[in-house]
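Subject: Structure handover

Hello,

I am passing on the structure we spoke about, with notes on what turned up in it. Please look at it before reading on.

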Amino acid sequence: VIAVILAAGISSRLRPLTADTPKCLLRVGNTPLLERILQSLHRNHVRECVIVTGFHKEKIEDFVQSLSLPITVSFAENPLYATTGNNYSLWSAHALVSGREMLVLDGDILFDSRLLTLLMHSPHKNGLILRKTSHLGAEEIKVEVGESGSVRRIGKEIDPAAAVGESIGIEKFSADTTRILFETLDRRKGRNEFYEASFQEMIDGGVAIHAVDSSGLPCMEIDTFEDLTAANELAQKIP
């Protein structure tokens with residue numbers, strides 16, 4: 001399995017902290033987010049990783065090279081990071097990962113590494129981590145599931161009353177599904193949208209993606225100063 005970490009964005013809502021620093025390099029609980037993600041991959045025996053960069057890409061490359069984790073890291077670039085959605089960033093990794101079993105991780109999430117264990121050991125070949133909650137607003141990527149536990153709908157626009165929770169930005173796909181995903185992203189990459197729109201197209205076309213319950217393990221996305229404060233507190237609960 002190969003992991004893809006998306007870390008291209010400008011993170012304007014966290015300025016001035018992100019004026020000259022990619023969000024993934026912000027320290028949470030005294031450790032940069034990207035380092036935490038790479039450590040989680042290492043703990044789960046993932047040996048290959050692609051990081052998609054854009055904003056201040058050289059800082060991310062220099063930081064990764066300063067670490068000594070036994071993970072082979074390659075870089076892909078989204079040169080249009082200022083004007084495109086994360087669908088384009090994920091598509092930017094296609095040459096390095098298409099046709100392989102793949103994990104996708106947003107670069108701005110704090111999470112317990114055991115969530116990766118849950119996902120990777122799920123019996124379903126395609127899955128995403130679902131944080132069940134009734135506290136959903138406009139910003140969350142909301143998830144509606146069917147009786148079998150497969151995702152029926154996913155996106156920000158879903159009615160919170162119909163959703164069982166949010167997707168936190170960790171997914172796995174089989175080799176065959178990865179190929180379909182990149183074909184879908186290739187058709188849609190000109191749209192400024194979230195990659196979940198491509199997930200929805202695949203689901204509508206018959207691809208099964210199962211929701212894997214986070215089982216109460218700590219996880220959250222960091223977009224705002226309030227999120228960053230909460231993340232620093234949550235980090236104390238993560239081993």
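The notes below go from the whole protein to single residues.

Overall form

Please keep in mind that this is a predicted model. The protein has eight helices and 13 strands. A compact globule of 239 residues would have a radius of gyration near 18 Å, and the 16 Å found for the protein agrees with that. The C-alpha trace spans about 45 × 35 × 35 Å along its principal axes.

Of the 239 residues, 54% count as buried. The protein exposes about 10600 Å², and carbon and sulfur atoms supply 49% of that area. Taking contacts between residues at least 6 apart in sequence, 75% join residues at least 24 apart. As for charge, there are 25 positive and 32 negative charges, and the mean positions of the two sets are 2 Å apart.

Helix H1 and the loop after it

Helix H1 covers residues 33-43, and it is largely enclosed by the rest of the structure, because eight of its 11 residues are buried. The buried residues are Leu 33, Leu 34, Glu 35, Arg 36, Ile 37, Leu 38, Ser 40 and Leu 41. Charged side chains are thus on the list too, namely Glu 35 and Arg 36.

His 45 comes just after H1, in the loop between H1 and strand E4 (48-53). His 45 has a positive phi of about 65 degrees although it is not a glycine. With a relative accessibility of 60%, His 45 counts as exposed.

A second histidine can be read alongside it. His 56 sits in the loop between E4 and helix H2 (57-66). Its phi is near 45 degrees, again a positive value in a residue other than glycine. His 56 is partly exposed, at a relative accessible area of 22%.

The cysteines

How many disulfides are there? The count comes to zero. A disulfide needs two cysteine sulfur atoms within 2.5 Å. The cysteine sulfur closest to that of Cys 24 belongs to Cys 49 and is 11 Å away, which is too far for a bond. Seen from the other side, Cys 49 is in no disulfide, and the nearest cysteine sulfur to its own is that of Cys 24.

Are these two cysteines buried or exposed? Cys 24 is buried, with a relative accessible area of 4%. Cys 49 counts as buried as well, at 1% relative accessibility.

Phe 75 in strand E5

Phe 75 lies in strand E5, which runs over residues 72-77. The C-alpha atoms of Phe 75 and Cys 49 are separated by 8.5 Å, and the two residues are 26 apart along the chain. Phe 75 is partly exposed, with a relative accessible area of 27%.

Which residues are in contact with Phe 75, leaving aside its neighbours within four places in sequence? They are Ile 51, Thr 53, Ile 60, Glu 61, Val 64 and Leu 96.

Other loop residues

Three more places in loops are worth a look.

- Pro 16 is in the loop between strand E1 (2-7) and strand E2 (27-28). The peptide bond leading to it from Arg 15 is cis, with omega near 10 degrees.

- Glu 101 is in the loop between helix H4 (94-97) and strand E6 (102-106). At 43% relative accessibility, Glu 101 counts as partly exposed. Leaving aside neighbours within four places in sequence, Glu 101 is in contact with Val 1, Ile 2, Phe 173, Ser 174 and Ala 175. Glu 101 and Leu 80 are 21 residues apart along the chain, and their C-alpha atoms are separated by 26 Å.

- Gly 146 is in the loop between strand E9 (142-145) and strand E10 (151-155). Although it is in a loop, Gly 146 counts as buried, at 16% relative accessibility. Gly 146 and Ala 211 are 65 residues apart in sequence, and 9.7 Å separates them in space, C-alpha to C-alpha.

That is what was found.

Regards

Technical notes:
Residues are numbered from 1 along each chain as its sequence is written. This is a predicted model: local features need pLDDT of at least 70, side-chain atom pairs count only at pLDDT 80 or more; totals for chains, interfaces and linings use all residues. Side-chain values use heavy atoms; hydrogens and water are left out. Buried means under 20% relative accessible area, exposed over 50%, partly exposed in between (1.4 Å probe, protein chains only). Helices (H or I, at least four residues) and strands (E, at least two) are DSSP runs, numbered from the N terminus. The radius of gyration is taken over C-alpha atoms; the globule rule is 2.2 Å times the number of residues to the power 0.38. Contact means heavy atoms within 4.5 Å. Accessible areas come from the Shrake-Rupley method with a 1.4 Å probe; for residues, only the protein chains shown count as cover. The place of a charge is taken as NZ of Lys, CZ of Arg, CG of Asp or CD of Glu.
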